[in-house]
Amino acid sequence: MGTPEELRQAWRFLAQESWTIPGTYERRLSSTGIHELYAVLVRPEGIVGLALDLPARLGGSIGEDAAKGFVLRKTWSQEAGRLRISLMLSERRYLDVFGVLACDVLEKVIRAGTAEEAGLALRDRLVHWKRFLKAAGEDGLSLEEQMGLFGELFVFKKLLAAAVCEPARVLSAWQGPSGANQDFFWQRRAIEVKSTTANDFSRVRVANERQLDEDDLLDLLLCQLAFDRNYGAGETLPEIVSVLL
């Protein structure tokens, strides 16, 4: 079982085992190597989290923090000489995003070779996520923005599967987050992705004429994707993000 799936399954087990009895419940994650990591659930709020135990001497290198969707807390165990870092969901409406965030942090932490590196990995990923969440705005991405991001990630995944070049080059070619004219650009070749749920997808809407400007390009491909929105079916945006992390 992959580590992200183990975390999600641990949350499900805690929800089943705790019933509705108030309290804080945790389960040790077994596939995290040398690091002590735990899935956490707080009842009755249903708040989930990820906890990392570190030597108490590292307390000064990691500060408490908060952003839209999560809060980072520190607690000390004087007897054990340990520091508990708890990354917790702050509001239930951000549960899907928090699940992706926690899995991303978890994967980076377990790759660290020492406790010091694990703490730095957690801190650095949260800096990255804070920038992303701030850019998304107070209410998150609009429906149109979610559709656009899903389409870009869908093409991203297809490019990886086709092995057109190394994964690092596919990542560097993706220009969506930078607001460039085309969504993918590499060696004077570009791909512009358009996503829609409309019945009539014979037309495309562009933000500006330069999105389809071929000047100085060897190739410009327009990729139009038509999706159906069905609740409870298909792949969600958090799922496709999780696959690509």
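Here are a few notes on helix 1, a pocket and a cavity in this predicted model.

1. Start with helix 1, which runs over residues 3–18. Its 16 residues should span 22 Å at 1.5 Å a residue, and since the end C-alpha atoms are indeed 22 Å apart, the expected and actual spans agree. Just past the end of helix 1, have a look at tryptophan 19, which has a positive phi of about 55°.

2. Which residues of helix 1 are buried? They are Thr3, Pro4, Glu6, Leu7, Ala10, Trp11, Leu14 and Ser18. These sit on the same side of helix 1, because they cover an arc of only 160° around the axis. Their cover includes three strands, namely strand 1 (23–28), strand 2 (36–43) and strand 3 (47–55), along with helix 2 (95–110).

3. Trp11 turns up again in the second largest pocket: with Arg8, Leu95, Asp96 and Gly99, it lies nearest the centre, out of 16 lining residues. Helix 1, strand 2, helix 2 and helix 6 (237–244) each give two or more residues to that lining. The pocket holds about 400 Å³ of space, and its lining is a mix of seven nonpolar, six charged and three polar residues.

4. How many cavities of 30 Å³ or more does a search of the whole structure find? The search finds one. The largest cavity has about 30 Å³ of space, and around it are Lys68, Gly69, Phe70, Tyr94, Val97, Phe98, Leu101 and Leu133. Helix 2 supplies the largest share of this lining, with three residues. By class, the cavity lining has six nonpolar residues, one polar and one charged.

Note on methods: Residues are numbered from 1 along each chain as its sequence is written. This is a predicted model: local features need pLDDT of at least 70, side-chain atom pairs count only at pLDDT 80 or more; totals for chains, interfaces and linings use all residues. Side-chain values use heavy atoms; hydrogens and water are left out. Helices (H or I, at least four residues) and strands (E, at least two) are DSSP runs, numbered from the N terminus. The expected span of a helix is 1.5 Å times one less than its number of residues. Buried means under 20% relative accessible area, exposed over 50%, partly exposed in between (1.4 Å probe, protein chains only). The arc is that of the directions from the helix axis to the C-beta atoms. Contact means heavy atoms within 4.5 Å. On a 1 Å grid over the protein atoms alone, a cavity is a set of points where a 1.4 Å probe fits but cannot get out, and a pocket is an open set with protein on both sides within 12 Å along at least five of seven lines; lining residues have an atom within 4 Å of a point. Grid points are joined across faces, edges and corners, and a volume is the space filled by probe spheres set on the points. Ala, Val, Leu, Ile, Met, Phe, Trp, Tyr, Cys and Pro count as nonpolar, Asp, Glu, Lys and Arg as charged, and the others, Gly among them, as polar.
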